Amino acid sequence: MSNATDRESVPESPNPIGMDGIEFIEFTTSKPQALGGVLERMGFRPIARHRSREVELYRQGAMNIVINSQPADIPRTVEPIERPILSAIAIRVHDADAAFRRALDLGGWEIPIRAQALELNIPGIHGVGESLIYFVDRYDEFSIFDIDFRAIPGVDPNPPAIAGLDFFGIVQYVGVNRTDDWSEFYTQVFGFKTIPDEVRFGIMPRGLLLQSPCRKFYLQLIEPDGTAQFAPMEEHLQRIGFGTPDVIGAANQLEQRGIEFLATEKVHTSARGALTKALLGGVMFELVHAEPREPRESGKAAAQP
Amino acid sequence: MIFNDFGIDIATLAGSLETRLAAARECGFTQGMISATDIVGHPTSTAAAVRAIRDSGLRVTGLEALRDFEGLSGKMHDYKVDVAKSMLELCSRIGGRLLLTEASASIHAEVDADKIARDLRKLAILALPMGIRIAFKGLSWSRTVKNFAAAADIISLANCPNLGLAIDAFDVIAAGVPLDDLDLIFPQQIFLVQLSDFMLQEIRSTEEQAATAAHFRVFPGEGAHSDQLAKFIVKLEEIGYFGDYSFDVYNGDYLQMPAEVIAKRARRAADWLGETVLRRTLPVPNMERLRPAVPE
């Protein structure tokens with residue numbers, strides 16, 4: 001007999017860890033000031049410094065980017081070199097410990113605890129290549145930045161975003177025939193959903209799109225083509241995509257700030273999107289047309305039962 | 001003649017790891033299956049073994065073998081996860097893209113198919129970021145997954161793209177499995193096929209099968225079951241298998257003979273299979289290509 005209140009028959013929630021967007025994205029580099037300069041041209045402002053580690057926080061609008069130049073202290077993580085590398089994503093979740101334990105149960109690789117006294121222990125697992133994925137549940141009334149970071153005196157802690165820029169997604173390069181594997185990883189461990197092939201955003205349409213269970217950002221998995229197929233497998237987070245309701249306006253403002261955009265026959269700025277030229281040996285940002293997000297509801301998204 | 005499809009199990013040969021790798025290479029092999037014990041048991045260091053493998057010019061068919069992983073609970077499960085992680089790290093260090101995992105023969109393992117599938121799925125997710133595939137192999141002396149058909153059922157249940165099957169021709173022939181059973185398997189699910197023949201005409205008990213498997217195998221074409229082996233391989237090609245074949249020939253006698261002599265016999269077996277049985281003269285499309293040795 002079917003019974004609507006039989007909890008055993010309830011399928012897994014579409015948002016099993018109560019994901020609620022991105023808290024921060026981390027770059028690692030041995031030249032933090034060079035990257036800081038690029039971020040400032042992109043509209044970010046330095047806001048705070050970590051109390052015990054060589055880590056700086058940059059912010060614009062609702063976006064946090066941290067630059068890490070601390071030597072790697074965990075195996076399989078990024079060692080700072082001159083070229084900045086996208087080294088971590090911190091996702092907001094309802095309960096960081098629960099999300100972390102769930103990920104371990106499903107086959108995630110935990111990273112060892114490295115918090116100093118009175119600092120937050122931010123749980124995390126290994127992601128693609130040498131990158132990490134952190135789980136953060138303190139982002140509402142007070143954030144991890146209020147505890148582990150010291151504000152830079154005299155700066156506005158909430159600088160407005162240029163043309164409404166917000167995190168739209170992250171592009172991940174994967175090896176040949178590895179799209180299914182990574183799609184499985186993000187679907188299984190985090191509850192991402194694959195987007196039908198006909199749904200495309202921006203001007204860089206290749207690969208497979210995955211939507212976060214909170215519907216706040218995307219991952220785009222791209223396999224190598226051409227001769228790159230025969231090279232040894234190289235998988236990493238490649239670039240950040242920023243969403244804006246006005247790509248042309250955003251691109252104009254950024255160009256005035258000294259950011260150059262690709263203008264080739266195939267890739268050039270349009271109302272759909274734009275791609276910056278590579279800086280500092282490979283750092284690129286993508287602009288993607290996106291409707292402005294509705295103002296944040298008060299309180300966190302609860303994990304659905 | 002292309003030998004890239006056939007690899008030799010380095011544990012089949014006697015001598016130092018370096019000697020065995022060189023013997024395989026000199027006989028024309030381009031890939032070899034590596035035993036974890038040969039890496040961690042290297043007289044100098046694990047790092048030296050890793051370097052020898054990476055410098056050998058051989059592609060690593062896979063690392064063997066994770067055993068008794070699935071079906072455990074509590075601390076035993078946690079312990080096995082640690083073992084698995086260690087083997088995956090080793091596999092990654094030698095540039096391997098496949099970890100051979102044998103069905104549990106532990107009396108402590110649960111026999112519930114859902115639990116076994118869940119554990120293997122976890123193993124596959126652990127392997128996934130490193131680009132490693134899990135090739136799961138039934139064992140006749142396992143309590144639950146005795147053959148490739150049972151292993152295929154578990155893999156379907158687990159349903160993870162980097163989790164597939166290893167099929168050992170010895171098990172198929174020794175147990176008299178009808179070849180038509182292979183029709184039920186999706187070729188994409190088969191990640192590795194191990195080949196060997198054996199001298200005994202008939203195997204009467206599971207114990208005898210286990211003993212033969214561990215000591216009395218011979219190379220394809222050398223034993224009493226060449227015809228069956230040939231039919232098995234032709235059948236695999238018919239259903240569309242295009243992955244690696246590894247000569248997995250545990251034989252106590254071979255371990256008392258020079259590596260280069262045994263490697264030559266392996267080469268003869270590859271010639272027989274390639275030229276007579278499969279008549280392969282061209283590389284098969286979609287094959288994994290030979291990767292250059294990458295410095296660690």
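**Pairings, angles and contacts in a predicted model**

Me: What makes strand β1 (residues 6-9) of chain B and strand β2 (residues 31-35) of chain B a pair?
Reply: These two strands of chain B are joined in the parallel sense over two bridges. The cut-off for pairing is at least two bridges, so β1(B) and β2(B) qualify. Bear in mind that this is a predicted model.

Me: Which residue in β2(B) stands opposite Asp9(B)?
Reply: That's Met33(B).

Me: In what order do the eight strands of chain B close into a barrel?
Reply: Going round, you get β1-β2-β3-β4-β5-β6-β7-β10 of chain B, with parallel pairing. On average, neighbouring strands of this sheet are turned by 30 degrees against each other, ignoring direction.

Me: What do you call the way helix α6 (residues 148-158) of chain B runs relative to β6(B)?
Reply: Helix α6(B) lies across β5 (133-137) and β6 (163-168) of chain B, at about 175 degrees to β6(B). Anything over 145 degrees counts as roughly antiparallel, so that's the label for α6(B) against β6(B).

Me: Why are helix α1 (residues 17-26) and helix α3 (residues 46-55), both of chain B, called roughly parallel to each other?
Reply: Two packed helices are described by the angle and the distance between their axes. Here the axes of α1(B) and α3(B) cross at roughly 10 degrees and come within 10 Å. Angles under 35 degrees count as roughly parallel, and therefore α1(B) and α3(B) get that name.

Me: Which residues of α1(B) and α3(B) meet?
Reply: Leu17(B), Glu18(B) and Leu21(B) in α1(B) meet Ala49(B), Ala52(B) and Ile53(B) in α3(B). By type, that contact holds five nonpolar residues, one charged and no polar. Glu counts as charged, so Glu18(B) is the charged one.

Me: Over to chain A: how is chain A divided?
Reply: Into domain 1 (22-151) and domain 2 (162-289). Their C-alpha centres lie 20 Å apart, and each domain of chain A gives 23 residues to the contact. On the domain 1 side, the elements giving two or more residues are β1 (22-28), α1 (32-41), β5 (85-92) and α2 (96-106) of chain A. The largest share of that side, four residues, is from α1(A). The domain 1 side has 14 nonpolar, six polar and three charged residues.

Me: What does each chain bring to the contact of chain A with chain B?
Reply: Chain A brings 17 residues and chain B 14. Helix α4 (residues 179-190) of chain A supplies the largest share of the chain A side, six residues. Sorted by type, the chain A side comes to eight nonpolar, five polar and four charged.

Note on methods
Residues numbered from 1 in each chain as written. Chains lettered and ligands numbered in written order. Predicted model: local features only at pLDDT ≥ 70, side-chain atom pairs only at ≥ 80, totals over all residues. Domains from an automatic or database assignment. Contact = placed C-beta atoms within 7 Å. Axes fitted to C-alpha atoms, helices over the stretch in contact; angles between N-to-C directions. Parallel < 35°, antiparallel > 145°, perpendicular 65-115°, else oblique.
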